[in-house]
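Grab a pencil and get ready to look around a protein model. Try each exercise yourself before you read its solution.

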Amino acid sequence: MRNVIIVGSGCAGNTAALYTARANLKPLVVTGHEPGGQLSLTTLVENYPGFPDGINGPELVENMRRQAEKFGAEYVNGSVVEVDLSRRPFRIKIEDAWEEARALIIASGASARWLGLPSEQKLIGRGVSSCATCDGFFFRDKEIMVVGGGDSAMEEAIFLTRFGRRVTVVHRRDEFRASKIMLERARKNPKIRWITSAVVDEVFDVDKGVVTGVRLKSTKNGAVWEEPVDGLFIAIGHVPNTKVFQGQIELDADGYIVSKGGARTSVPGVFHAGDVQDRVYRQAVTAAAAGCMAAIEAERFLEAEGH
Ligand code: NAP
């Protein structure tokens, strides 16, 4: 029987692990299918406080894990494949083994949705990004392209005009899913150029190991052409990693955990931390803070139950 199981090993999960370990709760952390979370996909992180010269994302998240392990957090590789949260202790199946826990912290994050092109995947962190706040700074005076037609794409395009020489929004339809206000704001920005009814078909140049351009394909007549690009930002949405919790805790229509105040979920003893609940801020520092909150709430919950 575990006091607390933490699902996910990004900023939120590692910080929850650090705090619960220091509270002597001996947490078990399930790393998940993307160990280290979104930070493990980034390069230099310059907006995490305490690192004036920046720190590489994978190094930052690995440091967090080491810090939690130092105080007794235990990590297990693998994913949670099934849960029973209908009664306590909660039952959690990690790969093929069932574990029991008095409290559960869900920090399984949200994964960026990608186009799914092999060339795109090979160039992530080398000009392809899913986070303007993280990587925009590297594209000063460069040619930037944003893919997507929702609010995220508008927000990222507007933000990126601070850095890029020009920002081209590429959207697969003529109509935009983005809210009117965001679309208007983007349309008023003279640095933004628009290509509609087109998709990115290929990202160049895998051989050089850096983004140099894209091939676009018209969704109307199939015509293809190339555009030079230095930074390609994919903003086609995120998918919260909550499939395994469906029907067990309250999720919203997009699958994000519904917060019941603080770090509480609809099930007492189950807490949320980080991007799995947060579709607004999605920063390393806010995820870490959410992990801390979840740990403190789990600790108080267990104490009130006499553990
Ligand atoms: P979203 O609203 O689901 O929009 C995703 C966009 O990506 C859509 O335009 C979609 O095209 C396009 N897309 C999806 N898959 C694609 C593919 N494989 N290839 C090309 N294009 C693809 O996602 P989001 O923009 O991340 O927003 C998510 C939620 O957060 C929304 O509720 C949004 O309002 C909210 N949000 C709000 C703000 C804000 O208010 N400041 C900022 C960010 C997000 P189609 O339109 O053709 O489907």
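Here are some exercises on this model, each with a worked solution.

The model is predicted, so to speak: local features need pLDDT of at least 70, side-chain atom pairs count only at pLDDT 80 or more, and totals for chains, interfaces and linings use all residues. Residues are numbered from 1 along each chain as its sequence is written, and side-chain values use heavy atoms, with hydrogens and water left out.**Exercise 1. Find the residues around the ligand and sort them by type.**

Step 1. Start with the neighbours, where near means that a heavy atom of the residue lies within 4 Å of the ligand. There are 14 residues around the ligand, and Asp151, Ser152, Arg172, Arg173 and Arg177 come nearest.

Step 2. Now sort them. Nonpolar covers Ala, Val, Leu, Ile, Met, Phe, Trp, Tyr, Cys and Pro; charged covers Asp, Glu, Lys and Arg; the others, Gly among them, are polar. The shell then splits into six charged, five polar and three nonpolar residues.

Step 3. Which helix gives the most to this shell? Helices here are DSSP runs of H or I with at least four residues, strands are runs of E with at least two, and both are numbered from the N terminus. The answer is α5 (residues 151–160), with three residues.

**Exercise 2. Look for polar contacts to the ligand.**

Step 1. You want pairs of N or O atoms within 3.5 Å. Try the side chain of Arg177: one of its N or O atoms is 2.5 Å from an oxygen atom of the ligand.

Step 2. Check the side chain of Asp151 too, where an N or O atom sits 2.6 Å from a ligand oxygen.

Step 3. Don't forget the backbone. An N or O atom in the backbone of Gly149 lies 3.1 Å from an oxygen atom of the ligand. As for cover, the ligand on its own has 910 Å² of accessible area (Shrake-Rupley method, 1.4 Å probe), and the protein covers 72% of that.

**Exercise 3. Work out the order of the five-stranded open sheet and follow Val146 across it.**

Step 1. Strands of a sheet pair through backbone hydrogen bonds, either parallel or antiparallel. Two strands count as paired if DSSP finds at least two bridges between them. The order in this sheet is β10-β17-β11-β12-β13, with parallel pairing. At the edges are β10 (128–129) and β13 (192–196), each pairing on one side only.

Step 2. Go to β11 (residues 143–147). Four bridges join β11 to β17 (residues 231–234), and five bridges link β11 with β12.

Step 3. Which residues stand opposite Val146? In β17 you find Phe233, and in β12 you find Val169.

Step 4. Is β12 mostly covered or uncovered? It is mostly covered: of the six residues in β12 (166–171), five are buried (buried means under 20% relative accessible area, exposed over 50%, partly exposed in between; 1.4 Å probe, protein chains only).

**Exercise 4. Trace the antiparallel pairs through Lys217.**

Step 1. Take β14 (residues 198–204) and β15 (residues 213–218): they run antiparallel, joined by six bridges. Lys217 in β15 is the bridge partner of Val199.

Step 2. Carry on from β15 to β16 (residues 224–228), an antiparallel pair with five bridges. Here the partner of Lys217 is Val224.

Step 3. Look at the turn between β15 and β16. This hairpin has five residues between its strands, and Gly222 takes a positive phi near 75°.

**Exercise 5. Hunt for unusual backbone angles.**

Step 1. Check omega for cis peptide bonds. One runs from Arg88 to Pro89, with omega near -5°, and Pro89 is in the loop between β6 (80–84) and β7 (90–94). Another runs from Phe204 to Asp205, with omega near 15°, and Asp205 belongs to the loop between β14 and β15.

Step 2. Now look for positive phi in residues other than glycine. Lys26 has a phi of about 50° and sits in the loop between α1 (11–22) and β2 (28–30). Arg282 has a phi near 50° and sits in the loop between β19 (270–272) and α7 (284–304).

Step 3. Compare their cover with the cut-offs from Exercise 3. Lys26 counts as exposed because its relative accessibility is 52%. Arg282 has 25%, so it is partly exposed.

**Exercise 6. Decide whether Ser111 is buried or exposed, and list what it touches.**

Step 1. Locate Ser111 in strand β9 (residues 110–112). Its relative accessibility is 11%, so Ser111 counts as buried.

Step 2. List the contacts (heavy atoms within 4.5 Å). Leaving out residues up to four places away in sequence, Ser111 touches His33, Glu34, Gln38, His238, Val239 and Asn241.

Note on methods
A polar contact is a pair of N or O atoms within 3.5 Å; within protein, one must be able to donate a hydrogen and the other to accept it, and residues adjacent in sequence count only if both atoms are side-chain atoms.
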